[in-house]
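Please look over the model shown here with its open space and its nonpolar interior in mind.

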Amino acid sequence: MSDVLVCHRLSFSWPDGSPVFDQLDVSFPRGRTAVVGRNGAGKSTLIKILAGALTPTAGTVTGASRIGYLPQDLVLAADRTVADVLGVADVLAALAVVDQGDGTEWEFELIGDRWDIEAEVGAALSRFGFDGLGLDRTIGTLSGGESILIALAALLLDRPEVLVLDEPTNNLDRSARERLYAAVDDWRGAVILVSHDRELLERVDQTAEVRDGAVRLFGGPYSLYLEAVETEQQAAQRALRNAEADLRRQRRELVEAREKLDRRQRYAKSQQDNIPRILAGNLKRKAQVSAGKVMDTAQGELAEAAASVAAAEDRVRDDDVINVDLGGTTVPSRRDVLITEDLILRNGLAVDLRIRGPERLALVGPNGVGKTTLINTIMGTVAPRQGVIDVKVPVGLLPQRLTVLKDDETVLAGVSRLAPTADDNTLRSQLAKFLLRADVVARRVGDLSGGERFRASLAALLLAEPAPQLLILDEPTNNLDLESVAQLTSALLLYRGSLLVASHDHPFLADLELTGTVDLNPISSGVVG
């Protein structure tokens, strides 16, 4: 496959001088490419440069000139119409003028060869489930997920050479994700995307890993990339063990060489009184030269062995996972955790729900059905239309916007506020298990990176007093990179209470060892459970 975008000696640094890339050379082939990497590695920075949304400090990006870009933080003005977002409002207006017989040269030039634009727009909207959607509908009347699909439809209508997508499945329910998957599968141009959606990552032709300022391309989807990395890491671990063994041998040989030289020097000194002084001096100088050569050789071999260990360590990845004891969250088996009685949510949906310990449940349903409304009702921040919810254990919520901690407090102060009887040393030790170093826990929450804020919020929630025995998570993987999703999964597998997880991320839910599902798809009786 020929290359569609080529980065040559590309460099980028933030205004404070922090480097992201330094003379990066990488080429992106045709087909579908997923860009992956650890939090902060520069994935989104790279694709923003590819899309032209960021200007590199140095270097060039050449290749395709018509690039369609869907940003992660897409913001569309609420008063814009669907036609405006699709970029066809002017053409449709010109067509209307021509149909009335009043067309001028300006209208004809504007229409160009797009006389079938209405059918083209209808087909594009239908692909994303918007049959019959009025083009004069304003974006403010659509959900966030619907806005994303409209923006993607606009890109497809524009027919760019390359689609650049940054977390395109965020805020999309299952049905919308399936439509986006189909659009990516059917697209005949090139696609470069960043996503934590493993189902989307399995639909690509190659995977580009951003790590330590470099980009490596692996053939195949994300699962094959993981296999390749695992094979590499097994070899790297073996090389490290061999290098460490060689270093230990070289150290022993250096000690033995020193001991042997010491014995020779003691023996030579004991013989000095039995030979002439001139001969003794010559022998001493020869011995010193010989000893120096021996030690230089031994020390050189030791230095080479140490360098080999360092090189082998560089090839071994340090991708840590959260590992903390959450014994305080344990709920006895079959103990009632949450019960609803005649509950009707504010949106009119009836919910018949009973959770017992330590059940781990997925909360599913299309966007707008009431998942967040149910969660807010359980937490007491939204009143039901009728009925009650009886929560029988301490409950904790990890909201989408990670508002567990305050922006103006340090991580340590915020966690201490929620766990007032724990001393600072204990909290520091626990926070370290959430991969939060001493320098991080002393920083303001508002100054943390996205991954750090996520781990700090999760730590504050799970270390709170009393420990939550019912943990509720509302779309927890939205805006998380794959590393953070893996860290969240490892922490939740250690959690011993009951779980209620609202998510459209099926692979994430499959990893949580769930015991059941709460499906809020409306049914004829209006009762779900």
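The notes below take up the pocket and then the cores.

This is a predicted model, in which local features need pLDDT of at least 70 and side-chain atom pairs count only at pLDDT 80 or more, while totals for chains, interfaces and linings use all residues. Residues are numbered from 1 along each chain as its sequence is written, and side-chain values use heavy atoms, with hydrogens and water left out.

**Largest pocket**
- The largest pocket (on a 1 Å grid over the protein atoms alone, an open set of points where a 1.4 Å probe fits, with protein on both sides within 12 Å along at least five of seven lines) is lined by 47 residues, and Gln 72, Asp 73, Asn 170, Asn 478 and Asn 479 lie nearest its centre; lining residues have an atom within 4 Å of a point.
- Two or more lining residues come from each of helix H1 (43–51), helix H6 (144–158) and helix H15 (450–462), helices being DSSP runs of H or I with at least four residues, numbered from the N terminus.

**Helix H1**
- Lys 43, Thr 45, Leu 46, Ile 47, Ile 49 and Leu 50 of H1 are buried, that is, under 20% relative accessible area with a 1.4 Å probe and protein chains only.
- Gly 52, which follows H1, has a positive phi near 85 degrees.

**Nonpolar cores**
- The largest nonpolar core (buried Ala, Val, Leu, Ile, Met, Phe, Trp, Tyr and Cys residues joined through side-chain atoms within 4.5 Å) has 53 residues, and Leu 86, Phe 128, Ile 150, Leu 165 and Leu 193 have the most contacts inside it.
- H6 gives this core its largest share, 10 residues.
- A second, separate core has 43 residues, including Leu 405, Val 415, Leu 461 and Ala 491.

How values were computed. Buried < 20%, exposed > 50% of the residue type's maximum accessible area, 1.4 Å probe, protein only.
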